[in-house]
Amino acid sequence: LSESGVPQLVQPMIWDYAADLDVEGKVHLIEKYRRCGFSKVWFASAFKGATGVNQSLTLIGHHLKNHLQWLEVASSSPADVLEGIALTGWQRYDHFSVLCELLPVAIPSLAVCLQALKNGGYSEKIKENVEKLLGMSNLETDTFMR
């Protein structure tokens, strides 16, 4: 890869939507990319649509845990390596599948994930800020929103 010149033309994106992603493994992967000459990498997470082909409601806690783990990867990596993070929101798994987790039911998850990334973590104060922003009285992250 180094000799091909590719690392000067592109930036790799590391995708993982798991709530229990392998933080140490991702850090090692970033180190491998750096040794190949890539100076920057991107992360890709999901705020909705990555937990089941026919999922209709968004389990916020799953996506929040994923983002908190990506923050761990970022803090365990060299400070200058992360170019950005793409928050994906999958609508369907393929063109023959039903739609899953439509955007309106996933707005609370998007808000929680964005605030966690913006603030470098998640706390009761951040939860209260999200509730205020969305006009909600009780944001549930460990069960499905009612």
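A residue is called buried here when its relative accessible area is under 20%, and exposed when that value is over 50%. By that criterion, seven of the eight residues of strand 2, which spans residues 41-48, are buried in this predicted model. Strand 2 is therefore described as mostly covered, and it serves as the starting point for what follows.

On one side, strand 2 pairs with strand 1, residues 13-15. The two run parallel and are joined by three bridges. Within this pairing, Ile 14 stands opposite Phe 43 of strand 2. The connection between the two strands passes through helix 1, residues 23-35, and the resulting β-α-β crossover is right-handed.

Strand 2 also pairs with strand 3, residues 82-89, again in the parallel sense, over seven bridges. Trp 42 stands opposite Gly 84 of strand 3. The chain goes from strand 2 to strand 3 by way of helix 2, residues 60-75, in a β-α-β crossover that is right-handed. Phe 43 has a place in this pairing too, standing opposite Ile 85 in strand 3. Phe 43 thus stands opposite Ile 14 and opposite Ile 85. In a regular strand, side chains alternate between the two faces of the sheet.

Taken together, the three strands make an open sheet with the order 1-2-3 and parallel pairing. Strand 1 and strand 3 are the edge strands, since each pairs on one side only. On average, neighbouring strands of the sheet are turned by 30° against each other, with direction ignored. Strands of a sheet pair through backbone hydrogen bonds, in either a parallel or an antiparallel arrangement.

Two further sites lie outside the strands. The segment before strand 1 contains Leu 9. Is Leu 9 buried or exposed? Its relative accessibility is 71%, so Leu 9 counts as exposed, the cut-off being over 50%. Leu 9 also contributes to a nonpolar surface patch of about 380 Å², which is made by Leu 1, Val 6, Leu 9 and Val 10.

The other site is Val 105, in helix 3, residues 103-119. Val 105 has 35% relative accessibility and counts as partly exposed, because that value falls between the cut-offs of 20% and 50%. Along the sequence, Val 105 and Lys 48 are 57 residues apart, while in space their C-alpha atoms are 9.2 Å apart. Lys 48 belongs to strand 2, residues 41-48, which brings the description back to the strand with which it began.

How values were computed: Residues numbered from 1 in each chain as written. Predicted model: local features only at pLDDT ≥ 70, side-chain atom pairs only at ≥ 80, totals over all residues. Heavy atoms only, no water. Buried < 20%, exposed > 50% of the residue type's maximum accessible area, 1.4 Å probe, protein only. Helix = DSSP H or I, 4+ residues; strand = E, 2+ residues; numbered from the N terminus. Pairing = 2+ DSSP bridges. Right-handed = clockwise from strand over helix to strand, strands pointing away. Patch = residues over 30% accessible without salt bridge, like charges linked within 9 Å, V, L, I, M, F, W, Y side chains within 5 Å. Areas by Shrake-Rupley, 256 points an atom, 1.4 Å probe, with all protein chains shown as cover. Salt bridge = Lys/Arg side-chain N within 4 Å of Asp/Glu carboxyl O. Axes fitted to C-alpha atoms, helices over the stretch in contact; angles between N-to-C directions.
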